[in-house]
Amino acid sequence: MAVIADRCPQIQVTVVDLNADRIAAWNSSDLSRLPVYEPGLDAVVGRCRGRNLFFSTEVERGIAEADMVFLSVNTPTKTKGLGAGQASDLRWVEASARSVAAYAQGHTIVVEKSTLPVRTAAAVQAILQAAQGKTAASDESKSFSVLSNPEFLAEGTAVADLERPDRVLIGGEDSAAIEALASIYAHWVPDERILRTNLWSSELSKLTANAFLAQRISSINSIAAFCESTGADVREVARAIGMDSRIGPKFLQAGPGFGGSCFQKDILNLVYLCRHYGLDEVAAYWQSVVDLNTWQQHRIARLVVNNLFGTVTGKRLAVLGFAFKADTNDTREAPAIRICRDLLEEGAELAIYDPKVAPDQMVRDLGLAASSAGPGLSGEGCWQASASVAEAVQGADAALILTEWQAFRALPWPQLAQQMRQPAWVFDARAVVDPEVVRSAGLRLWRVGDGSVNQRTGNG
Ligand code: UGA
């Protein structure tokens with residue numbers, strides 16, 4: 001919405017939310033305190049806020065005054081009831097649609113921005129239709145057009161992705177509404193990149209795009225494990241296959257498995273819907289992408305334990321990076337969560353450092369309060385947040401790199417090694433360190449997908 005406001009100064013954009021703290025944070029005069037850390041976003045908000053971009057808790061008024069309403073609420077995986085663990089929880093979408101139905105005036109275009117299961121627009125439409133024609137106190141009768149306009153931005157590069165999108169997708173049945181939305185994007189997106197489809201194709205394209213991207217990551221991670229066993233290097237393999245223009249070079253980076261709010265959720269959703277339609281083989285195919293991802297995370301925790309003489313009980317391990325990827329403070333489904341939990345289960349003492357993730361968030365994600373008292377040999381794992389890499393590695397038997405923060409690419413390993421308990425390890429799940437530097441600092445190295453490095457260390 002900030003980018004739309006930036007690119008279309010004549011359009012007034014009002015972001016409304018029931019959460020007053022969040023809105024206050026978006027209105028904060030200190031732009032470094034915005035609730036979302038995203039490179040470049042502070043500058044965009046700084047340019048537009050108070051000009052044609054407003055943040056408010058006045059939901060009713062925001063809807064009543066709008067010609068177009070973007071539904072941009074959460075659709076997490078359901079945790080209980082029908083479809084628990086797979087289906088999307090649509091309660092916030094439904095509640096928002098009901099608010100729009102109640103407060104809208106005149107003709108309103110309602111745009112689904114949240115990622116939704118296919119055919120959710122039908123539910124939104126049904127709720128809106130029930131209100132259609134009813135008159136609000138002083139207004140002419142209301143009517144609605146529903147569009148699907150899924151978002152393809154990735155966190156960490158969101159502003160750039162929005163400013164130069166590969167494509168903008170608009171699904172709908174009402175061509176006037178489609179053109180109204182297309183005319184907003186036309187301020188900065190060439191028309192050939194604005195695709196118009198029917199509603200269901202648009203909704204399904206979003207799920208499919210994420211499923212395909214995640215599938216590439218599981219595919220390369222499966223090959224990474226194979227490379228580790230055979231002496232090949234997955235980066236060389238990725239480069240070789242990526243030069244085939246039919247495959248392409250992107251999304252072939254092996255790592256600790258994909259995280260983020262969308263990939264797993266969207267695939268599970270696809271799995272649920274396929275089962276619903278009796279497509280069990282299709283469901284099983286996509287389920288395997290998630291299963292491989294979970295396996296990769298457990299595999300990394302297991303190999304840390306195995307290489308540290310089969311036990312991490314009472315050992316201090318530095319965890320470098322907790323966010324699900326670099327350049328974000330988001331930890332949703334971060335691979336670090338599952339890996340840390342496995343190591344805590346094994347009785348490790350974790351010292352976790354992430355340049356952007358707040359310790360409170362780690363408490364919520366790990367489901368365990370931080371504790372400064374070491375675990376001893378009692379067998380109970382514990383963790384603390386560290387203020388720097390140097391603090392995290394102090395006395396540690398190993399450093400695990402779980403997020404590819406730029407700063408982790410050039411760490412002063414000779415100095416850090418001196419603070420660690422020998423023989424000490426670096427487990428590089430993002431392949432960001434220079435193997436020569438780490439090894440010449442006297443450290444043992446495991447690097448994801450690199451059979452040549454791991455076999456030289458003597459531990460595959
Ligand atoms: C993803 C998609 O890339 C966006 O197009 C989509 O709009 C978004 O989900 C969404 O549906 O909201 P995002 O989750 O923000 O974006 O981040 P990605 O860059 O896709 O990374 C997801 C995960 O995959 C991260 O944990 C990342 O480290 C991992 N990854 C990515 C790899 O392990 N290897 C790669 O080669 C690429």
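A residue is called buried here when its relative accessible area is under 20%, and exposed when that value is over 50%. The model on display is predicted, and the tour below applies these two terms to it.

**The whole chain**

Begin with the complete protein chain, shown as a cartoon. Its secondary structure comprises 18 helices and 13 strands. The radius of gyration is 24 Å, close to the 23 Å expected from the globule rule for 460 residues, so the chain is as compact as a globular protein of that length. Measuring tools in the viewer may be set against the C-alpha trace, which spans about 75 × 50 × 45 Å along its principal axes. Of the 460 residues, 50% count as buried. Switching to a surface representation displays an accessible area of about 20900 Å², of which carbon and sulfur atoms account for 52%. Among contacts between residues at least 6 apart in sequence, 71% join residues at least 24 apart.

**Helix H14**

Select residues 359–366, which form helix H14. Met-362, Asp-365 and Leu-366 are its buried residues to display. They lie on the same side of H14, because they cover an arc of only 85° around the axis. Rotate to the other side of the helix, where Asp-360 and Arg-364 are exposed. The cover over the buried residues includes H13, strand S9 (349–353) and strand S10 (382–385). Just after the helix, Gly-367 has a positive phi of about 65°.

**Helix H13 and the largest core**

Next, select H13, residues 335–345. Its buried residues include Pro-335, Ile-339, Cys-340 and Leu-343. Helix H12, strand S8 (316–320) and strand S11 (398–401) are among the elements that cover the buried residues of H13, as are S9, H14 and S10. Beyond the helix comes Gly-347, with a positive phi near 90°.

Which residues touch the most other members of the largest nonpolar core? Display Leu-317, Leu-320, Leu-343, Leu-350 and Trp-413, which hold that position within a core of 69 residues. H13 gives the most to this core, contributing six residues. Now centre on Leu-320 and show its surroundings. Leaving aside neighbours within four places in sequence, its contacts include Tyr-353, Val-389, Leu-400, Phe-408 and Trp-413. A second, separate core holds 32 residues, including Cys-8, Ile-23, Ile-184 and Ile-194.

**Helix H10**

Select residues 234–242 for helix H10, in which Val-234, Ala-238 and Gly-242 are buried. Their arc around the axis is only 65°, which puts them on the same side of H10. Turning the view to the face directed away from this buried side brings up the exposed residues Glu-236, Arg-239 and Ala-240. Helix H9 (199–230) is included in what covers the buried residues. At the N-terminal end, Asp-233 caps H10, with a side-chain oxygen 3.0 Å from the backbone nitrogen of Arg-235.

**Arg-302**

Finish in helix H12 (residues 280–307), at Arg-302. Is this residue buried, exposed or partly exposed? Arg-302 is partly exposed, because its relative accessible area of 43% falls between the under-20% and over-50% limits. To close, draw a distance from the C-alpha atom of Arg-302 to that of Tyr-185: the separation is 48 Å, for residues 117 apart along the chain.

Key
Residues are numbered from 1 along each chain as its sequence is written. This is a predicted model: local features need pLDDT of at least 70, side-chain atom pairs count only at pLDDT 80 or more; totals for chains, interfaces and linings use all residues. Side-chain values use heavy atoms; hydrogens and water are left out. A nonpolar core is a set of buried Ala, Val, Leu, Ile, Met, Phe, Trp, Tyr and Cys residues joined through side-chain atoms within 4.5 Å. Buried means under 20% relative accessible area, exposed over 50%, partly exposed in between (1.4 Å probe, protein chains only). Helices (H or I, at least four residues) and strands (E, at least two) are DSSP runs, numbered from the N terminus. Contact means heavy atoms within 4.5 Å. The arc is that of the directions from the helix axis to the C-beta atoms. A polar contact is a pair of N or O atoms within 3.5 Å; within protein, one must be able to donate a hydrogen and the other to accept it, and residues adjacent in sequence count only if both atoms are side-chain atoms. The radius of gyration is taken over C-alpha atoms; the globule rule is 2.2 Å times the number of residues to the power 0.38. Accessible areas come from the Shrake-Rupley method with a 1.4 Å probe; for residues, only the protein chains shown count as cover.
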